Amino acid sequence: MIRLPQLNPLRPGLFPDPEDALVEPNGLLAWGGDLSPERLISAYAQGVFPWFNEDEPILWWSPDPRCVFRTDGVHISRSLRKQLSKSNWRITADTSFTRVMRACAAPRSGLVGTWIGDDMIAAYEELHRQGHAHSVEVWDRGSLVGGIYGVAVGRLFCGESMFSARTGGSKVALAGMCQLLHRWGFPFLDAQVTNDHLLSMGAVEIQRRQFVAQAKRLAAMPGLVGSWVQHPIALP
């Protein structure tokens, strides 16, 4: 039997070495602790993130390989660009963080339940209030048609989830977020776990050891703490 390390409730900055994570399930590293801002920020800075269902204890992960987007590498198809050229869509940042989170948490076709429960929403709302968690929203007039949210630590940005209410909504949100990040010198957006959809949009895989080293370096750089609401984003 494999014994999974339990986090020390009194040491929110202490995590096991990501290289000690399980191979199956890929990247499972530890359990327990809490979702305090201090622990979450420390986790991301070490290449670790929480991911668990509402009926589970808090689980912490660091998969190998890691899926990332270069902030200048999001692929937008010609058909989507043509669609956008005829649309009334616009992109904002940090105007509707909780709405984006709740839209990401909504049931999706073919899936049962959600890992974005009330505790997760409350924890990331607090990170947002403190200026560490951010969202990008895509609007068609007054309707929210896509969005993405994640956490910035220094010059490291870790994407958590995105959604589409209209075709292309999540892709435009991702491109908008990467546009901001690239402008500010963030080299990549962490997408955590690989899937075919992300790869089709330009994501690449890197070894966990390389990702963790980069995450620690970027997280130690001066960051952009506070609201991003005043920063304009153009359609791709």
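Q: Is R129 buried or exposed, judged by its relative accessible area?
A: This is a predicted model, in which local features need pLDDT of at least 70 and side-chain atom pairs count only at pLDDT 80 or more, while totals for chains, interfaces and linings use all residues. Residues are numbered from 1 along each chain as its sequence is written, and side-chain values use heavy atoms, with hydrogens and water left out. Buried means under 20% relative accessible area, exposed over 50%, and partly exposed in between (1.4 Å probe, protein chains only). R129 has a relative accessible area of 58%, so R129 is exposed.

Q: Which side chain meets R129 in a salt bridge?
A: A salt bridge is a side-chain nitrogen of Lys or Arg within 4 Å of a carboxyl oxygen of Asp or Glu. In helix α4 (helices are DSSP runs of H or I with at least four residues, strands are E runs of at least two, both numbered from the N terminus), a residue 3 positions from R129 is separated from R129 by about one helical turn. That partner counts as partly exposed, at 28% relative accessibility. With an N to O distance of 2.9 Å, the side chain that meets R129 is that of E126.

Q: How many residues apart in sequence are the parts that E19 and R209 tie together?
A: Side chains of opposite charge can pair when their charged atoms come close. E19 and R209 form a salt bridge with an N to O distance of 3.3 Å. E19 lies in the segment before β1 (28-31) and R209 in helix α7 (residues 208-219), so the pair ties together parts whose separation in sequence is 190 residues.

Q: Which residues are linked in a network of salt bridges?
A: Let's start from the pair we just met. E19 is partly exposed at 30% relative accessible area, whereas R209 is exposed at 57%. The salt-bridge count comes to 8, and the residues linked in a network are E19, R208 and R209.

Q: What is the phi of R141, which is not a glycine?
A: R141 sits in the loop between β6 and β7 (143-153) and is exposed, with a relative accessible area of 59%. Its side chain also meets that of D140 in a salt bridge (3.7 Å, N to O), although D140 counts as buried at 15% relative accessibility. The phi of R141 is positive, at about 55°.

Q: How far apart in space are W61 and Q192, C-alpha to C-alpha?
A: W61 lies in strand β3 (residues 59-61) and counts as buried at 11% relative accessibility. Q192 lies in strand β9 (residues 188-192), is buried with a relative accessible area of 8%, and has a positive phi near 70° without being a glycine. The two residues are 131 apart in sequence, and in space their C-alpha atoms are separated by 9.2 Å.

Q: How far apart in space are T92 and L28, C-alpha to C-alpha?
A: T92 belongs to strand β5 (residues 89-93) and counts as buried at 13% relative accessibility. T92 and L28 are 64 residues apart in sequence, and in space their C-alpha atoms are separated by 34 Å.

Q: How many residues of helix α1 are buried?
A: Helix α1 covers residues 37-45 and is mostly covered. Its buried residues include P37, L40 and Y44. Just after α1, G47 takes a positive phi of about 80°. Of the 9 residues in α1, the number buried is 7.

Q: Which residue makes a polar contact with the side chain of S135?
A: A polar contact is a pair of N or O atoms within 3.5 Å; within protein, one must be able to donate a hydrogen and the other to accept it, and residues adjacent in sequence count only if both atoms are side-chain atoms. S135 is found in strand β6 (residues 133-140) and is buried, with a relative accessible area of 0%. At 2.5 Å, its side chain contacts the side chain of E137.

Q: What is the omega of the cis peptide bond that joins D64 and P65?
A: P65 is placed in the loop between β3 and β4 (66-70). Another cis bond runs from E24 to P25, with omega near -5°, and P25 lies in the segment before β1. For D64 and P65, omega is about 5°.
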